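User: I'm new to this one and keep tripping over the labels. Could you walk me through why things are called what they're called?

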Amino acid sequence: MDAKEAMLSAMKEWMLPELNSIREDYKNIKTTLDITNKRLDDMIAHLVDQGRRIDETRAELSSRIDETRAELKAEIQKNTERIDETNKRIDETNKRIDDTNNRIDDTRAELKAEIQKNTERIDYTNARIDNLAREVAEARGDLNKALSDKVVVQDLVERVGRLETRAA
C-alpha cells in the first residue's frame, strides 16, 4: 500500500494547506457573522424601542386628537347655536322688512291715487285757464278793434270840426 500511502501523503500535502486556509476563512466568517448578529441584535433592540416609542406617540396623539375633537365639537355646537340665533334675528328682520315694504306699497298706492286726483284737478284748471286766455285774447282783439274804431271816429269828429270851423 505504498502507493496508497504515497497518494495519501501527496493529497495531504496538497489539501492540508487548502483545508487550513478554509478553516481560517471559516473562523473569519464566523467572527464576522458573530459581529453582524450582534449588530442585528442591537438594531432589533433599537427598532423595538422605536416601535414602543411610536406606539406611545400614537397613543398620545390619539388622546390629543380625541381631546381636540371634543373641543371642536363643543365649538361647533356653540357656533351652530349662534348661527341659529342669527338666523332667527334675520327672519325677524326680514319680517319687519316685509311689513315695511307692505306699508311702502300701501303708501305708494295712496300717493298714486292722490297724484291722479291732483293731476285731474290740474288738467281741469289748465283747461279753465286756456278758456280764460282765449276769452282774454278775444276781448283784447275786441278792445283793440274798439280802440281802433274810436281813433277813426275821433279823427272823423276832428275833421268834421275843422271843416265846420272853416265853413263858419
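User: Let's start with Pro17: what makes this residue buried, exposed or partly exposed?

Analyst: The percentage decides. Buried means under 20% relative accessible area, exposed means over 50%, and partly exposed is in between (1.4 Å probe, protein chains only). Pro17 has 49% relative accessibility, so Pro17 counts as partly exposed. Before we go on: this is a predicted model, where local features need pLDDT of at least 70 and side-chain atom pairs count only at pLDDT 80 or more, while totals for chains, interfaces and linings use all residues. Residues are numbered from 1 along each chain as its sequence is written, and side-chain values use heavy atoms, with hydrogens and water left out.

User: And why is Trp14 called exposed?

Analyst: Trp14 has a relative accessible area of 65%, and that is over 50%, so the word is exposed. Trp14 lies in helix α1, and Pro17 is in helix α1 as well.

User: How do you know where helix α1 runs?

Analyst: Helices (H or I, at least four residues) and strands (E, at least two) are DSSP runs, numbered from the N terminus. Helix α1 covers residues 2-167.

User: What makes Glu56 and Arg52 a salt bridge?

Analyst: The term needs a side-chain nitrogen of Lys or Arg within 4 Å of a carboxyl oxygen of Asp or Glu. For Glu56 and Arg52 the N to O distance is 2.9 Å, so the pair qualifies. Side chains of opposite charge can pair when their charged atoms come close. Here, Glu56 and Arg52 are four residues apart in helix α1, which means about one helical turn separates them. Glu56 is partly exposed at 45% relative accessibility, and Arg52 is partly exposed too, at 41%.

User: Why does Asp105 with Arg108 get that name as well?

Analyst: The N to O distance is 3.6 Å, which is within 4 Å, so Asp105 and Arg108 form a salt bridge. They sit three residues apart in helix α1, again about one helical turn. Asp105 is partly exposed at 40%, whereas Arg108 is exposed, with a relative accessible area of 52%.

User: What about Arg159 and Asp155: how do you know that they meet in a salt bridge?

Analyst: Their N to O distance is 3.4 Å, so the 4 Å limit is met. Arg159 and Asp155 are four residues apart in helix α1, about one helical turn. Arg159 comes out partly exposed at 47%, and Asp155 is partly exposed at 29%. There's a network to mention too: salt bridges that share partners join Asp49, Arg52, Arg53 and Glu56.

User: How many salt bridges are there in the whole structure?

Analyst: A search of the whole structure finds twelve salt bridges.

User: What makes Glu81, Asp84, Glu85, Asp91 and Glu92 a patch of negative charge?

Analyst: Lys and Arg count as positive and Asp and Glu as negative; His and the chain ends are not counted. The place of a charge is taken as NZ of Lys, CZ of Arg, CG of Asp or CD of Glu. Patches are made of residues with over 30% relative accessible area and no salt bridge: like charges are joined within 9 Å, nonpolar side chains (Val, Leu, Ile, Met, Phe, Trp, Tyr) within 5 Å. The five residues gather on the surface under that rule. Take Asp91: its relative accessible area is 52%, so Asp91 is exposed and passes the 30% mark. Asp91 is found in helix α1.

User: Which residues make the nonpolar surface patch?

Analyst: Met7, Met11, Trp14, Met15, Leu16, Leu19 and Ile22 make it, with about 730 Å² of area. Accessible areas come from the Shrake-Rupley method with a 1.4 Å probe; for residues, only the protein chains shown count as cover.

User: Where does the "coiled-coil region" label come from?

Analyst: From an unreviewed UniProt entry, whose annotation covers residues 58-149. UniProt positions are given in the numbering used here, feature names are shortened, and annotations may be inferred rather than shown by experiment. In the model, residues 58-149 are 100% helix and 0% strand, and their end C-alpha atoms lie 126 Å apart.

User: How far apart are Asn20 and Lys150?

Analyst: Their C-alpha atoms are separated by 172 Å, with these positions 130 residues apart along the chain counted as their separation. Asn20 is found in helix α1.
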